[in-house]
Amino acid sequence: MSEQNTSPAPAVQWFEIDSELQGQRIDNFLRTRLKGAPKTLIYRILRKGQVRVNKKRIKPDYRLQEGDLVRVPPLRLSEEKPQATVSENLKELIEAAILFEDSDIIVLNKPSGLAVHGGSGISLGLIESIRQIRPEAKFLELVHRLDRDTSGCIMVAKKRSALRFLHAALQAKKITKIYHALVEGKWSTRKTKVDAPLQKNELQSGERRVKAHPMGKASLTEYKVLQRFGGFATLVEARPITGRTHQIRVHCLFAGHAIIGDDKYGTDEMNREMKGYGIRRLFLHAAELRVPLPSGGRRIFHAPLGAELEAGLKKLQNIDGL
């Protein structure tokens with residue numbers, strides 16, 4: 001008697017929407033719930049009307065309402081590869097990086113080198129790590145992003161209502177982000193802003209490159225000189241008024257003062273020289289966030305500069321005035 005495959009046949013799935021999921025688009029909801037499902041499959045079952053909300057067909061941009069009953073057709077999905085496990089060292093690093101936490105949000109001082117989320121060869125990012133560290137949390141999502149090599153303040157929402165509130169605050173420019181960057185050369189105190197449109201390109205390798213281009217999206221960053229190290233380097237404060245990919249990095253380059261340690265837009269010779277001062281990574285740090293809280297009131301969060309960058313600045317002070 002031949003052996004038969006006893007794996008259960010896929011069945012219809014039903015989801016009842018609670019208040020925390022209200023406002024989420026149905027396509028994003030399905031991408032979260034149907035692990036391993038390609039985006040093409042999700043949009044195909046939506047287009048064919050196989051996904052129903054309250055027994056009705058809906059479009060991919062339909063926003064869920066509390067009490068909605070979502071029907072998902074039987075789907076046979078490939079099994080997901082098991083996710084990498086957070087090491088004890090990474091767990092301790094993330095726990096130590098928490099600056100603030102309440103029932104709505106977590107604010108962290110993200111270490112440089114830690115991607116905010118997995119993908120593109122990265123098995124485990126900040127958000128996946130936090131979800132493992134806090135398995136009891138039903139909802140954890142990034143409010144905004146930082147480049148992998150940028151350190152500093154980043155927010156994670158613990159409720160969908162908090163995520164919606166903070167996204168609305170970002171849209172209304174009620175959240176102020178303040179970065180510190182060490183740049184090449186002597187930045188003029190008169191240069192208080194860079195207003196240059198930015199255009200994003202993706203290379204065949206998948207790498208993202210951004211450049212100032214008249215056909216790009218309007219982009220504005222405000223600047224202030226914090227400290228000079230002779231004519232060699234300048235520590236500047238940067239406030240991005242818009243939120244484009246690599247905005248501060250490309251605006252610094254456009255101004256003629258690339259950020260030190262930037263292996264994508266910086267100067268190889270300068271980056272090599274700065275390693276002698278102990279600065280071996282991108283000197284861009286999200287130092288401060290000024291945020292209205294979902295629970296009411298407003299807070300200012302400060303993220304201390306990493307020890308290696310602080311030590312580098314002290315060494316640079318020896319050439320101050322040259």
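In the predicted model, Arg134 has a relative accessibility of 16% and therefore counts as buried. The side chain of Arg134 forms a salt bridge with Glu95, and the closest N and O atoms of the two residues are 3.6 Å apart. This pair links distant parts of the chain: Arg134 belongs to the loop between helix H4 (126-133) and strand S7 (141-142), whereas Glu95 belongs to helix H3 (residues 88-97), and the two are 39 residues apart. Unlike the buried Arg134, Glu95 is partly exposed, because its relative accessible area is 33%.

A further salt bridge brings together the side chains of Asp104 and Lys159, with an N to O distance of 3.5 Å. Asp104 is located in the loop between strand S5 (98-101) and strand S6 (105-110), and Lys159 in the loop between strand S8 (151-157) and helix H5 (160-171); the pair therefore ties together parts that are 55 residues apart in sequence. Asp104 is buried, since its relative accessibility is 7%. Lys159, with a relative accessible area of 29%, is partly exposed.

Glu288 and Arg290 likewise meet through their side chains in a salt bridge, at 2.5 Å from N to O. Here Glu288 is buried, with a relative accessible area of 12%, and Arg290 is partly exposed, at 26% relative accessibility. Beyond individual pairs, Glu95, Glu101, Arg134 and Lys158 are joined into one network by salt bridges that share partners. The count for the model comes to eleven salt bridges.

Helix H4, which precedes the loop that holds Arg134, is mostly covered, with six of its eight residues buried. These buried residues are Leu126, Ile127, Glu128, Ser129, Ile130 and Ile133. The elements that cover them include H3, S6, S7 and S8. H3 thus appears both in the cover of H4 and as the helix that contains Glu95, the salt-bridge partner of Arg134.

In helix H1 (residues 26-33), the buried residues are Ile26, Asp27, Phe29 and Leu30. When the helix is viewed down its axis, the buried residues of H1 fall within an arc of 160 degrees, so they line one face of the helix. Among the elements covering these residues are strand S1 (13-16), helix H2 (39-47), strand S2 (52-53) and S4.

Strand S4 spans residues 69-72 and contains Leu69. This residue is partly exposed, because its relative accessibility is 37%. Together with Val12 and Trp14, Leu69 forms a nonpolar patch on the surface, and the accessible area of the three residues together is about 270 Å². Strand S4 therefore contributes a residue to this surface patch and also takes part in covering the buried residues of H1.

The backbone was also examined for positive phi values. Most residues other than glycine have a negative phi. Asn54, however, has a phi near 55 degrees, a positive value in a residue other than glycine. Asn54 lies in the loop between S2 and strand S3 (56-57) and is partly exposed, with a relative accessible area of 39%. Lys173 also has a positive phi, near 60 degrees, and is likewise a residue other than glycine. The position of Lys173 is in the loop between H5 and strand S9 (176-184). At 54% relative accessibility, Lys173 counts as exposed.

The cysteines were considered next. A disulfide is a covalent bond between the sulfur atoms of two cysteines. The count of disulfides in the model comes to zero. Cys153 is in no disulfide, and the nearest cysteine sulfur, that of Cys252, is 18 Å away. Seen from Cys252, the closest cysteine sulfur is that of Cys153, and the distance of 18 Å is too far for a bond, because a disulfide requires sulfur atoms within 2.5 Å. Cys153 is buried, with a relative accessible area of 2%. Cys252 is also buried, at 0% relative accessibility.

Definitions and conventions
Residues are numbered from 1 along each chain as its sequence is written. This is a predicted model: local features need pLDDT of at least 70, side-chain atom pairs count only at pLDDT 80 or more; totals for chains, interfaces and linings use all residues. Side-chain values use heavy atoms; hydrogens and water are left out. Patches are made of residues with over 30% relative accessible area and no salt bridge: like charges are joined within 9 Å, nonpolar side chains (Val, Leu, Ile, Met, Phe, Trp, Tyr) within 5 Å. Accessible areas come from the Shrake-Rupley method with a 1.4 Å probe; for residues, only the protein chains shown count as cover. A salt bridge is a side-chain nitrogen of Lys or Arg within 4 Å of a carboxyl oxygen of Asp or Glu. Helices (H or I, at least four residues) and strands (E, at least two) are DSSP runs, numbered from the N terminus. Buried means under 20% relative accessible area, exposed over 50%, partly exposed in between (1.4 Å probe, protein chains only). The arc is that of the directions from the helix axis to the C-beta atoms. Contact means heavy atoms within 4.5 Å.
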